[in-house]
Amino acid sequence: SLPPTSSAHAQRAVEVQRETVRLFFATSDDQLPEGASGVLEELIRLVKAGAAVQVTGFHDASGSAQVNQALALARAKAVQTLLLRHGVPAGRIKVGTASPPADAPVTNAENRRVELKVIEP
């Protein structure tokens, strides 16, 4: 399982739960949160050892659907680029996007994220 993490930021930037890592982004931003590379070390090790990873970008409710979808994809691709730079084989990275349900009981800040889940190849 992945190690717990903390953030020096006033706002949470990274969350780890079992085999899922959530990276949180600023409004209208696709820049990786500070410390993302360090938090992903264990996940990267697992994927290099033969697992695969699903990288899913999300967006909040502000802005148009077209802009939000592009931003969610840009966030997921930023994480994909980080994984590739750390030697994760491209074939083991699955990239996609998802929209939070309209009735999701989470804040916009919680929806501006990328989720990474270790999956079977």
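**Notes on the predicted model**

1. The mean pLDDT of the protein chain is 81, and 78% of its residues reach 70 or more. The structure is a predicted model, so confidence is the place to begin.

2. Confidence varies along the chain. Among its elements, strand 4 (residues 93-97) has the highest mean pLDDT, 95, while strand 1 (residues 14-17) has the lowest, 50. Over residues 1-11 the pLDDT stays under 50, although the model has 17 contacts beyond four places in sequence for this stretch. Predicted coordinates should not be read in detail where pLDDT is low.

3. Next, the core. The largest nonpolar core holds 19 residues, and those with the most contacts inside it are Leu23, Leu40, Val53, Val55, Val79, Leu83 and Leu116. Two or more residues each come from strand 2 (20-24), helix 1 (36-39), helix 2 (41-48), strand 3 (52-57), helix 3 (65-85) and strand 5 (113-119). Helix 3 gives the most, with 4 residues.

4. Is Arg113, a residue of strand 5, buried or exposed? Arg113 counts as buried because its relative accessible area is 12%, and the cut-off for buried is under 20%.

5. What do the polar atoms of the Arg113 side chain meet? One of them lies 3.0 Å from the backbone oxygen of Glu110. The side chains of Arg113 and Glu115 are joined by a polar contact of 2.9 Å.

6. Leaving aside residues up to four places away in sequence, Arg113 touches Arg22, Leu23, Phe24, Phe25, Thr56, Gly57, Phe58 and Arg75. One of these, Leu23, is also among the core residues with the most contacts.

How values were computed: Residues numbered from 1 in each chain as written. Predicted model: local features only at pLDDT ≥ 70, side-chain atom pairs only at ≥ 80, totals over all residues. Heavy atoms only, no water. Core = buried A, V, L, I, M, F, W, Y, C linked by side-chain atoms within 4.5 Å. Buried < 20%, exposed > 50% of the residue type's maximum accessible area, 1.4 Å probe, protein only. Polar contact = N/O pair within 3.5 Å; in protein donor to acceptor, adjacent residues only side chain to side chain. Contact = heavy atoms within 4.5 Å. pLDDT = per-residue confidence, 0-100.
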